[in-house]
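Trainee: I've got a new structure to look at and I'd like to talk it through with you. Can we go step by step?

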Amino acid sequence: MADARRETIVNIVLAVALFVVPAVAYVIDEPFFITLATRVAILALAGVGLNLALGLGGMVSFGHAAFFGLGGYVAGVLAHHAFSGTPVFWGIPGTNQMIIIWIVAIVLSGMLAAIIGALSLRTSGIFFIMITLAFAQMLFFFTLSWPAYGGEDGLPIFVRNQFPGLNTMRIWELFLLSYAVLMIAILLFRMVRNARFGAALMAIRQNPDRAAALGISPFGVKLAAFALSGMITGLAGAMMADLTRFVSPAMLAWQMSGELIVIIILGGVGRLFGPVAGAGILVAFEVFFGGITEHWQFWLGLVLLGVVLFARGGLIGLIAGRDRHG
Amino acid sequence: MAEPVLDIRGVSKSFGALRATDDVTLTLVPGEIHALIGPNGAGKSTLIALICGGLRPDAGSIHFRGQEISGLSVAQRARLGLGRSFQISSLIPEYSARRNVMLAVQARLGHPYRFFRNVQRDAGLTGPAMEYLARVGLERRAHILASELSHGERRRLEIATALALEPAAFLFDEPMAGMGAEGARELIGFLDELRREAPILLVEHDMDAVFALADRISVLANGRIIASGSVHDIRNDPEVRRAYLGEEGA
Ligand SMILES: Nc1ncnc2c1ncn2[C@@H]1O[C@H](COP(=O)(O)OP(=O)(O)O)[C@@H](O)[C@H]1O
Ligand SMILES: [Mg+2]
């Protein structure tokens with residue numbers, strides 16, 4: 001199992017790099033790179049969520065922006081009401097406490113994912129892709145036409161929400177928080193993958209008829225995985241809103257769903273640190289090529305094509321070989 | 001005769017104009033091997049799918065352990081104790097032989113919503129899995145991926161996963177297919193013993209195997225059961241000889 005050892009090394013290198021780059025930037029006082037690293041960490045977190053559905057369960061959701069955006073709007077709307085001192089509804093107050101915001105984002109995203117999953121998981125292939133896209137588009141147009149929270153202009157978060165013991169207005173401290181949450185999510189992903197639930201989920205991806213013949217109901221397991229997946233991506237959305245201090249319908253746009261899929265494919269579908277690698281590549285492209293040419297997405301598309309054609313396992317697969325669960 | 005484990009009454013299933021299963025009545029009683037034979041396209045696999053839940057009957061009833069199961073899903077029927085092997089090997093290709101069996105053990109032990117313990121270090125799964133693999137002679141191939149096993153080994157792995165379900169009835173769809181003379185002989189000896197654990201509904205083309213093993217034989221042609229009885233009865237049934245055995249040159 002030399003491949004497994006190599007993957008562990010790659011994972012450690014990625015975890016260390018994502019920490020060391022902003023740490024150096026902190027020391028030499030280059031906050032821009034800390035912001036970038038925080039962005040990578042949060043996008044990777046959203047990717048960990050999608051990787052659970054897509055990587056382990058084979059559910060190619062083209063609508064995960066719905067959960068990302070819902071999480072974002074939870075942060076934005078609660079912060080908005082905390083700032084203005086008005087209730088959200090029925091006298092429920094807003095809040096500027098991240099922990100409460102995160103819990104609300106996780107619960108609502110999980111519920112939304114359970115509903116979307118229940119209505120779409122009987123289909124598969126291209127139909128599943130289109131149905132998840134349709135649900136996300138519905139929510140996208142809803143936020144677009146909802147003037148109370150800015151409509152298409154979006155909603156600013158004037159003061160970043162707070163976390164006990166940290167000054168979240170300092171980007172380095174916000175990075176540490178995001179990094180810690182990402183690492184916890186990756187450990188959670190690993191635990192779920194290695195447990196009975198993961199065994200059932202990956203088996204269903206490969207051969208649903210077989211799983212059913214053994215007595216494992218594919219629908220129930222996939223639905224639970226989809227809900228869990230939506231929760232993690234929703235949490236990432238809430239954190240992204242606080243990083244950018246702004247939420248807008250763009251968070252729910254199909255491009256966002258596409259970006260999350262791109263992250264998974266670039267990094268390696270189903271791989272533990274695939275989302276970290278993928279988010280790193282995506283943000284690097286955005287920044288370095290985005291500075292040189294407006295058409296950076298074209299070059300990213302080319303790389304993506306190369307990955308799909310010649311390196312099906314993404315970056316992790318390229319370095320560490322095939323994924324094995326023997 | 002003992003109370004049947006599986007009791008199929010008047011079951012029919014059509015695909016468009018084709019009656020793939022035509023008013024089939026059949027039972028499986030404890031301790032027996034009931035062989036189901038018939039030419040290609042007779043409807044044997046369709047009948048297995050009707051029993052397992054992959055297809056829903058148009059008419060008739062299917063009772064398993066005293067309970068009507070026609071309305072249940074495949075997974076629910078499996079949890080009631082229907083242990084099935086597929087005509088075309090149907091395994092989890094990226095799982096090792098051991099993990100394939102572990103999955104069956106896990107499925108038998110209960111609901112899959114456990115998020116914490118690493119299955120590879122779960123002796124409650126790995127231990128039994130190795131025992132079932134040993135029973136089909138695959139213990140040395142435990143760590144080979146299912147997709148990398150030979151055809152014969154995959155057939156044996158199918159059986160091992162069916163064993164791991166500890167079912168109340170086995171449904172085997174052509175388990176000998178492509179096994180080779182040596183493998184087939186071993187499997188005959190194995191199934192001969194297995195009937196004591198649970199009765200077996202055996203779909204099989206290998207007539208030597210059927211005549212060696214079956215307590216009862218039912219002959220299917222064009223979706224209908226044209227004869228049913230002991231090995232002796234079936235061998236001497238003129239209609240069967242004409243419709244089936246003659247054709248096979250047996
Ligand atoms: N899903 C299906 N749709 C249409 N026809 C089918 C389907 N499954 C089986 N058949 C037809 O039903 C008949 C019985 O098939 P099958 O049960 O596979 O036979 P056997 O297993 O005895 O060889 C065949 O004529 C086959 O073509
Ligand atoms: Mg058949």
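Mentor: Sure, and keep in mind that this is a predicted model. Let's begin at ligand 1: the largest share of its shell, 3 residues, comes from H1(B).

Trainee: Which other element of chain B supplies at least two residues of the shell around ligand 1, next to helix H1?

Mentor: Helix H1 of chain B covers 44–52. The shell includes B:Lys44, B:Ser45 and B:Thr46, and B:Leu18 and B:Ala20 are also among its residues. The other element that gives at least two residues is strand S2 (18–28).

Trainee: How many nonpolar, polar and charged residues does the shell around ligand 1 have?

Mentor: Go through the names and sort them. B:Phe15 and B:Pro39 are among the residues around the ligand, and so are B:Asn40, B:Gly41 and B:Lys44. By class, the shell comes to 5 nonpolar, 5 polar and 1 charged.

Trainee: How far is the polar side-chain atom of B:Thr46 from an oxygen atom of ligand 1?

Mentor: Let's look at the backbone partners before we get there. A polar backbone atom of B:Gly41 is 2.8 Å from a ligand oxygen, and one of B:Gly43 is 3.0 Å from a ligand oxygen. With B:Thr46 it's a side-chain atom that does the job, and the distance is 2.6 Å.

Trainee: And how much of the accessible area of ligand 1 does the protein cover?

Mentor: Start from the ligand on its own, which has 560 Å² of accessible area. The part of that covered by the protein is 58%.

Trainee: Let's move on to the two chains. What area do chain A and chain B bury between them?

Mentor: Think about who takes part: 30 residues from chain A and 36 residues from chain B. On the chain A side, A:Arg196, A:Arg210 and A:Leu214 lose the most area, together 27% of what that side buries. Carbon and sulfur atoms hold 57% of the buried total. That total is about 3100 Å².

Trainee: Which residue of chain A forms a salt bridge with B:Glu94?

Mentor: The interface has 3 salt bridges, along with 13 residue pairs in polar contact. In the one with B:Glu94, the closest N and O atoms are 3.2 Å apart. The partner is A:Arg205.

Trainee: Which helix gives the largest share of the side of chain A that touches chain B?

Mentor: Four helices of chain A each supply at least two residues there: H6 (171–194), H7 (196–206), H8 (208–214) and H9 (218–244). That side as a whole divides into 15 nonpolar, 9 polar and 6 charged residues. The largest share is 9 residues, and it comes from H7(A).

Trainee: What about B:Arg79: which residue of chain A has its backbone oxygen 2.5 Å from a polar side-chain atom of B:Arg79?

Mentor: B:Arg79 belongs to helix H2 (residues 74–80) of chain B. Across the interface, B:Arg79 touches A:Gly215, A:Ile216 and A:Ser217. The backbone oxygen at 2.5 Å belongs to A:Gly215.

Trainee: One last thing, about the backbone. Where is B:Glu174, the residue with phi near 50°?

Mentor: Most residues other than glycine have a negative phi. B:Asp23, in strand S2 of chain B, has a positive phi near 55°, and B:Glu174 has a positive one as well. As for its place, B:Glu174 sits in chain B, in the loop between strand S7 (169–173) and helix H6 (180–194).

Conventions: Residues are numbered from 1 along each chain as its sequence is written. Chains are lettered from A and ligands numbered from 1 in the order in which they are written. This is a predicted model: local features need pLDDT of at least 70, side-chain atom pairs count only at pLDDT 80 or more; totals for chains, interfaces and linings use all residues. Side-chain values use heavy atoms; hydrogens and water are left out. Contact means heavy atoms within 4.5 Å. Buried area is the accessible area (1.4 Å probe) that two parts lose on being put together, summed over both. A salt bridge is a side-chain nitrogen of Lys or Arg within 4 Å of a carboxyl oxygen of Asp or Glu. A polar contact is a pair of N or O atoms within 3.5 Å; within protein, one must be able to donate a hydrogen and the other to accept it, and residues adjacent in sequence count only if both atoms are side-chain atoms. Ala, Val, Leu, Ile, Met, Phe, Trp, Tyr, Cys and Pro count as nonpolar, Asp, Glu, Lys and Arg as charged, and the others, Gly among them, as polar. A residue is near a molecule or strand if one of its heavy atoms lies within 4 Å of it. Accessible areas come from the Shrake-Rupley method with a 1.4 Å probe; for residues, only the protein chains shown count as cover. Lists of a residue's contacts leave out its neighbours within four places in sequence.
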